[in-house]
There are 2 protein chains.
Amino acid sequence: MTTTKSTIVYTLTDEAPSLATCSLLPIVRTFTRAAGIDVKISDISLAGRILAAFPEKLTDEQRVIDGLAELGELTQDPHANIVKLPNISASVPQLRACIAELQSQGYDIPDFPEDARTDELKEIKERYSRILGSAVNPVLRQGNSDRRAPAAVKAFARKHPHSMGPWSKASRTHADYMRGGDFFSSEQSVTMLKAQDVRIEFVSGDGQVEVKKTLGLEEGEVLDSMFMSSKALRNFFEESLEDAKNTGVMWSLHVKATMMKVSHPIVFGHAVSVFYKDLFDKHGALFEELGVNPNNGLSSVFDKIKSLPDSKQEEILHDLHACYEQRPELAMVDSVKGITNLHIPSDVIVDASMPAMIRNSGQMWGRDGKQKDTKAVMPESTYARIYQEMINFCKTNGAFDPTTMGSVPNVGLMAMKAEEYGSHDKTFEMAEDGTMRVVDADGKVLMQHEVEKGDIWRACQTKDAAIRDWVKLAVTRARNSDTPAVFWLDEERAHDNELRKKVEAYLPEHDLDGLDIRVMSYNEAIRFSMERMIRGKDTISVTGNVLRDYLTDLFPIMELGTSAKMLSIVPMLAGGGMYETGAGGSAPKHVQQLMEENHLRWDSLGEFLALAVSLEELGIKEDNPRAKVLAKCLDKATEKLLDTGKSPSRKTGELDNRGSHFYLGLYWAQEVAAQTEDADLAAEFAPLARALADNEQQILAELAAVQGKPASQIKGYYHADRADVKKVMRPSATLNGLLATANQ
Amino acid sequence: MTTTKSTIVYTLTDEAPSLATCSLLPIVRTFTRAAGIDVKISDISLAGRILAAFPEKLTDEQRVIDGLAELGELTQDPHANIVKLPNISASVPQLRACIAELQSQGYDIPDFPEDARTDELKEIKERYSRILGSAVNPVLRQGNSDRRAPAAVKAFARKHPHSMGPWSKASRTHADYMRGGDFFSSEQSVTMLKAQDVRIEFVSGDGQVEVKKTLGLEEGEVLDSMFMSSKALRNFFEESLEDAKNTGVMWSLHVKATMMKVSHPIVFGHAVSVFYKDLFDKHGALFEELGVNPNNGLSSVFDKIKSLPDSKQEEILHDLHACYEQRPELAMVDSVKGITNLHIPSDVIVDASMPAMIRNSGQMWGRDGKQKDTKAVMPESTYARIYQEMINFCKTNGAFDPTTMGSVPNVGLMAMKAEEYGSHDKTFEMAEDGTMRVVDADGKVLMQHEVEKGDIWRACQTKDAAIRDWVKLAVTRARNSDTPAVFWLDEERAHDNELRKKVEAYLPEHDLDGLDIRVMSYNEAIRFSMERMIRGKDTISVTGNVLRDYLTDLFPIMELGTSAKMLSIVPMLAGGGMYETGAGGSAPKHVQQLMEENHLRWDSLGEFLALAVSLEELGIKEDNPRAKVLAKCLDKATEKLLDTGKSPSRKTGELDNRGSHFYLGLYWAQEVAAQTEDADLAAEFAPLARALADNEQQILAELAAVQGKPASQIKGYYHADRADVKKVMRPSATLNGLLATANQ
């Protein structure tokens with residue numbers, strides 16, 4: 001992809017965000033062209049990525065550029081300036097649906113071969129597997145993470161606080177976690193003195209050595225290894241269940257089976273088979289035969305027993321229900337449908353479910369639809385302790401107050417697949433007792449653990465360059481925001497102690513004069529941050545990758561009610577920048593509403609915020625003063641939009657995404673016309689500002705007129721024709737006309 | 001009192017300790033005379049102090065030396081070495097009983113004139129009032145406080161742990177305290193730039209100025225002022241009661257009405273009149289007429305209504321019981337007798353009751369005799385927060401484990417009546433709305449508060465010399481014990497911020513090389529100490545006077561099950577030292593058992609420990625190597641005594657205080673005979689060691705023989721004849737003979 005110094009690359013993704021882009025971009029370009037900035041589209045949609053993977057199957061006309069590959073290259077360019085919208089992380093069913101849609105549109109692409117037996121099919125499967133799941137972020141996130149609540153959003157939350165359930169001092173809710181036998185207590189860590197290949201080996205009882213994996217490590221890279229004992233885990237579950245039963249609190253499991261996709265489904269599976277121990281004991285042999293897999297949750301039992309005769313099914317269901325007599329009440333994901341916490345592993349995702357519980361008076365929902373105090377079970381203790389700390393804090397000080405509380409922005413170590421999130425390919429469930437060890441190029445054993453069958457062993461890499469950049473980013477953020485920064489590094493964690501040494505070595509490379517930068521254990525750090533927070537003070541959390549993920553949900557949900565309104569910036573190692581718009585997925589339900597009622601309730605707030613930072617950074621890096629002015633005015637326009645309540649309504653017939661875009665354009669133009677830094681620019685935009693204001697009612701009427709009927713022009717879900725989408729998303733001739741003729 | 005460099009002054013006090021002294025001292029002297037040390041008795045008993053106050057009423061033979069006055073002088077002597085045993089802090093009934101006993105013994109002392117109308121009676125009352133209450137400590141405690149668990153006691157507790165109730169993670173127990181309107185939130189503090197008199201003034205609404213008190217302040221002295229709003233207090237009680245009712249926890253009030261003798265009875269009284277609000281509302285006028293004072297607890301209602309006709313009494317009692325319907329369950333002091341927490345103000349003393357509750361799984365006793373989760377109400381938030389911190393800690397980590405936990409010794413600011421404990425004469429309950437202010441010699445207003453009728457205002461002094469010595473003592477203890485020391489000084493407290501400045505100024509006057517000395521807020525400090533504690537590490541708490549009092553109960557009760565086994569040293573400002581033996585009162589019940597069954601279960605462990613430190617200090621200060629050897633051997637003997645279970649039994653017929661003393665003598669002699677530092681000394685004690693061992697059975701038999709019958713030789717309770725006491729307390733002719741002829 002060729003970009004100039006004055007190019008912003010705007011990703012075209014999927015579902016609601018891609019629909020919204022069609023309406024927003026013409027407005028954006030009206031402003032950016034005044035600063036000589038080109039806004040280019042890069043198609044990284046699921047359909048686009050599929051088409052790019054099979055060029056030889058397509059006609060010349062059908063063939064597309066590989067947007068993701070291009071963007072991946074661009075991340076290495078110091079001028080890169082990418083606004084990244086949410087995209088589909090495709091599951092197999094989604095992939096299949098998209099393939100079918102493309103085939104129906106005349107694209108001769110192959111089916112997804114789940115059971116690939118021939119070399120050809122294997123090659124096809126290999127191409128598709130690069131598209132599946134979280135395929136975009138690893139390519140684009142070529143830097144560490146800078147996430148914060150934008151000033152406008154924070155100000156809005158203070159004025160219009162979200163609901164927060166009160167906390168009782170007498171609450172019984174607590175976090176429960178292992179006190180030994182988990183990853184935390186077994187972690188070992190080494191820093192490589194030289195670049196070399198190391199081997200992960202399993203040594204069996206009879207001395208047989210099996211090389212599980214070879215890793216190429218860089219000089220200064222940190223390598224950890226750790227394991228969770230399945231015996232300790234199962235004992236913990238048993239004791240935890242008994243304790244909940246005895247003390248009368250609900251039992252709720254919180255893991256991260258989606259993201260920690262190798263280790264956590266196993267942990268989840270143990271919870272299921274311990275909770276329903278009598279069931280699994282009695283029907284173990286049959287379940288094995290049927291292929292029941294507790295790692296897929298209780299739903300696996302329901303699925304697999306369907307093949308059995310009714311009487312046998314009834315017996316099993318009877319035995320299943322009998323388990324509930326012996327066990328504490330289970331927290332519900334959906335109490336109406338009777339779906340518990342143990343139904344499927346993806347239902348309760350710790351980083352979202354724990355803040356939701358804490359916001360909800362520390363309670364979850366019981367079978368009877370009532371909210372109740374809960375034992376929140378997070379077996380691995382490394383990060384679970386911070387939730388107990390917050391629970392204790394809320395019991396002591398009451399619920400957080402969004403109208404007065406400070407903020408905890410995050411600087412997260414993420415670059416070069418840092419830390420645990422890159423460890424899926426280095427995670428193993430032990431098939432037998434033995435020794436897991438890491439051996440260096442000279443044959444020296446760097447780390448080793450005695451393991452038993454069923455234990456989960458994993459290794460984890462963190463590159464020195466990523467850490468060095470992370471330290472730099474922390475200092476930069478502390479300086480630019482004049483805010484204390486705390487490195488969350490636990491004294492009792494081997495990995496963190498290796499990082500402490502590096503942090504202590506790299507910090508003095510920067511000008512620290514006047515900065516307040518500290519290093520604290522997790523409990524200390526969260527307590528320190530919360531004590532400041534309730535006094536209205538901000539504290540930057542500088543954390544590893546998992547805590548980045550957890551904290552950028554935890555604090556925003558307390559502060560803003562959602563993490564979707566956070567600014568998420570990836571300052572690339574190569575010098576460029578990526579500005580991610582809010583999390584919250586690509587909202588298939590919103591598409592459904594548009595298709596049926598032509599109302600799009602997707603909120604582009606994340607795009608507004610990301611774009612402002614993108615413009616600001618471009619202004620600074622490329623010395624483009626107009627970009628800076630536009631950035632400032634866009635932020636003011638966004639704040640006004642929030643203040644005047646011009647965000648999309650959920651209800652058809654009211655202001656939707658398109659109307660919200662109109663107001664953004666109006667306010668932005670008014671701000672540019674009103675500013676005095678660049679009089680020429682003000683003069684250029686004065687007519688547009690006036691014209692948009694004069695035509696407000698007309699435009700709103702045109703936008704409203706289309707609502708209530710199906711948006712039948714749009715023919716595809718994953719790969720709609722852009723011209724069709726344009727017709728739907730730009731229904732106001734008046735607005736389109738004003739934009740087309742503005743400051744030409 | 002004349003003492004030489006080699007004198008230890010041993011106080012003769014009251015009740016059980018004074019009985020024990022009679023048995024122990026002959027043994028002690030057997031050892032000390034070998035080191036050229038004289039052990040002198042100083043009579044500071046209640047009877048002794050009364051007799052010393054009326055010399056003109058006594059015959060020459062009856063006249064006694066004023067032991068307390070002498071000791072008071074001695075505290076100014078750098079050679080002072082005082083072993084101080086617990087004495088009676090006389091209440092008026094105790095004083096009266098003692099006077100009567102003395103009169104019956106032929107001492108012509110006057111009665112206590114409660115209602116003193118003539119000048120003569122006023123003068124008598126004035127003399128007695130100097131004897132009443134806590135009259136000894138203020139005279140003798142001419143230094144700061146050094147309290148710690150002796151190594152032998154800590155080792156014993158680890159081997160033979162006291163019981164600790166388990167903590168549930170789901171416990172509902174919590175501390176409840178005001179979030180505003182209390183002393184903490186209104187505290188102001190100033191440091192005097194020069195010595196001067198300041199005035200505490202009340203300015204009424206119409207501008208009338210009343211001087212409440214004039215204080216002579218030293219240069220560098222810290223003066224605080226603060227008030228508690230009675231409205232805020234009563235609102236807090238009301239909300240707290242409603243919350244306990246709604247959440248179903250018991251309600252329990254924890255104050256310190258004995259020690260905080262002016263302010264806390266008022267706080268207690270508000271609790272009573274809010275809890276029984278309907279009762280006090282309905283019968284307010286009558287109660288006023290009858291002189292019912294809620295500050296004296298519900299017992300005041302029962303007392304005062306006795307004069308009413310039965311039917312009226314019944315009506316009142318009915319209305320009283322009706323209050324319970326509206327209120328949460330009250331924690332019981334004695335559930336058998338139906339005595340609640342609100343019965344009398346001295347029943348629940350926060351520094352003892354809170355650790356007892358925490359040791360007891362965080363529960364107190366309900367009406368039904370069952371233990372239950374509790375809302376522990378401590379209105380003033382300054383120190384209440386540390387209990388909530390410990391409660392949260394126990395919920396998170398479980399009960400403390402006495403077999404592994406570290407220790408939290410204390411260095412307490414106490415000298416020259418430092419801090420709150422000296423503020424009774426500067427505490428005022430407001431009679432009307434107005435302004436309380438502190439005005440300096442130049443008429444400048446140093447501090448002021450707008451107050452309302454019923455508010456409690458107080459000032460508090462801390463002298464610079466005391467603070468300077470406290471800092472020095474902290475450094476000394478950190479150095480001598482090689483233990484981190486934490487100054488507990490709260491950033492959000494005005495008083496503590498003045499102290500922080502002084503600590504920061506005085507610390508650099510010492511050699512801090514290699515020491516770990518920190519300053520932390522209370523919550524941080526207790527958390528830091530507890531985190532270390534559960535990891536087996538010790539942390540010195542360096543605190544103000546109230547926290548000294550609280551923490552030297554809180555931590556010892558967790559570590560040792562009691563605070564009575566702590567070493568309590570007062571290194572005098574003048575250079576001498578006082579070694580206090582364990583707290584726990586003077587045990588009138590023990591005297592009763594002795595009188596009736598001739599068994600004394602008083603444990604002299606505190607005396608053993610104090611004496612060892614006394615000897616050690618004397619050895620160091622006076623360069624007496626034998627004293628050091630004796631000290632070391634005494635500590636070993638004490639440890640052996642604990643290990644072999646030779647402490648007094650509670651049961652008549654088993655080993656009692658006297659038998660325990662025999663074993664101490666035996667083990668001490670054996671240790672001295674076995675040590676190699678001083679061969680001559682070893683040789684001197686070898687015969688005694690052998691003789692005591694050889695005669696063990698004979699001596700035990702002689703000691704046992706007297707038990708089971710009344711100790712009728714002893715005629716007085718407060719002022720028994722020492723010769724009679726000696727007969728009872730030294731019944732073994734064999735032991736007496738061996739001691740009399742030992743190493744002459």
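This report walks through salt bridges, a charged patch, one helix and a few single residues in a predicted model.

## Salt bridges in chain A

Counting every chain, the structure holds 101 salt bridges. One of them pairs A:Glu56 with A:Arg127, with the closest N and O atoms 3.0 Å apart. A:Glu56 sits in the loop between α2 (46–53) and α3 (67–74) of chain A, while A:Arg127 belongs to helix α5 (residues 119–129), so this contact ties together parts that are 71 residues apart in sequence. The two partners differ in how much cover they get: A:Glu56 is partly exposed, at 46% relative accessible area, whereas A:Arg127 is buried, at 16%.

A:Lys277 and A:Asp281 make another salt bridge, again with the closest N and O atoms 3.0 Å apart. This one stays inside a single helix: both residues are in α11 (residues 277–290) of chain A, four residues apart, which puts about one helical turn between them. Why does that spacing work for residues pointing the same way? An α-helix has 3.6 residues a turn, so residues three or four places apart point the same way. As for cover, A:Lys277 is partly exposed, with a relative accessible area of 34%, and A:Asp281 is exposed, with 52%.

## A loop-to-loop bridge in chain B

Over in chain B, the side chains of B:Asp442 and B:Lys194 meet in a salt bridge, at 3.5 Å from N to O. Both ends are in loops: B:Asp442 is in the one between β17 (434–439) and β18 (445–451), and B:Lys194 is in the one between β6 (188–191) and β7 (196–204), so the pair ties together parts that are 248 residues apart in sequence. B:Asp442 counts as exposed, at 58% relative accessibility, and B:Lys194 as partly exposed, at 39%.

## Charges from both chains

Some salt bridges link up into a network with members from both chains. From chain A it takes in A:Glu389, A:Glu492, A:Arg527, A:Glu531 and A:Arg535, and from chain B it takes in B:Glu389, B:Glu492, B:Arg527, B:Glu531 and B:Arg535.

There is also a patch of negative charge on the surface, where A:Glu491, A:Glu524, B:Glu491 and B:Glu524 gather. Take B:Glu524 as an example: this residue is found in helix α18 (residues 522–533) of chain B, and at 45% relative accessibility B:Glu524 counts as partly exposed.

## A helix with two faces

Which residues of helix α27 in chain A are buried? In this helix (residues 733–741), they are A:Thr734, A:Leu735, A:Leu738 and A:Leu739. Looking down the axis of α27(A), these buried residues fall within an arc of 130°, so they line one face of the helix. The face turned away from that buried side carries the exposed residues A:Ala733, A:Ala740 and A:Thr741.

## Some distances to check by eye

A:Val203 lies in strand β7 (residues 196–204) of chain A and is buried, with 13% relative accessibility. How far is A:Val203 from A:Pro556 in space? C-alpha to C-alpha, they are 45 Å apart, with their positions 353 residues apart in sequence.

In chain B, B:Asp516 is in the loop between α17 (494–506) and β21 (517–520), and this residue is partly exposed, at 28% relative accessibility. B:Asp516 and B:His599 are 83 residues apart along the chain, and 48 Å separates their C-alpha atoms.

Technical notes: Residues are numbered from 1 along each chain as its sequence is written. Chains are lettered from A and ligands numbered from 1 in the order in which they are written. This is a predicted model: local features need pLDDT of at least 70, side-chain atom pairs count only at pLDDT 80 or more; totals for chains, interfaces and linings use all residues. Side-chain values use heavy atoms; hydrogens and water are left out. Patches are made of residues with over 30% relative accessible area and no salt bridge: like charges are joined within 9 Å, nonpolar side chains (Val, Leu, Ile, Met, Phe, Trp, Tyr) within 5 Å. Accessible areas come from the Shrake-Rupley method with a 1.4 Å probe; for residues, only the protein chains shown count as cover. A salt bridge is a side-chain nitrogen of Lys or Arg within 4 Å of a carboxyl oxygen of Asp or Glu. Lys and Arg count as positive and Asp and Glu as negative; His and the chain ends are not counted. The place of a charge is taken as NZ of Lys, CZ of Arg, CG of Asp or CD of Glu. Helices (H or I, at least four residues) and strands (E, at least two) are DSSP runs, numbered from the N terminus. Buried means under 20% relative accessible area, exposed over 50%, partly exposed in between (1.4 Å probe, protein chains only). The arc is that of the directions from the helix axis to the C-beta atoms.
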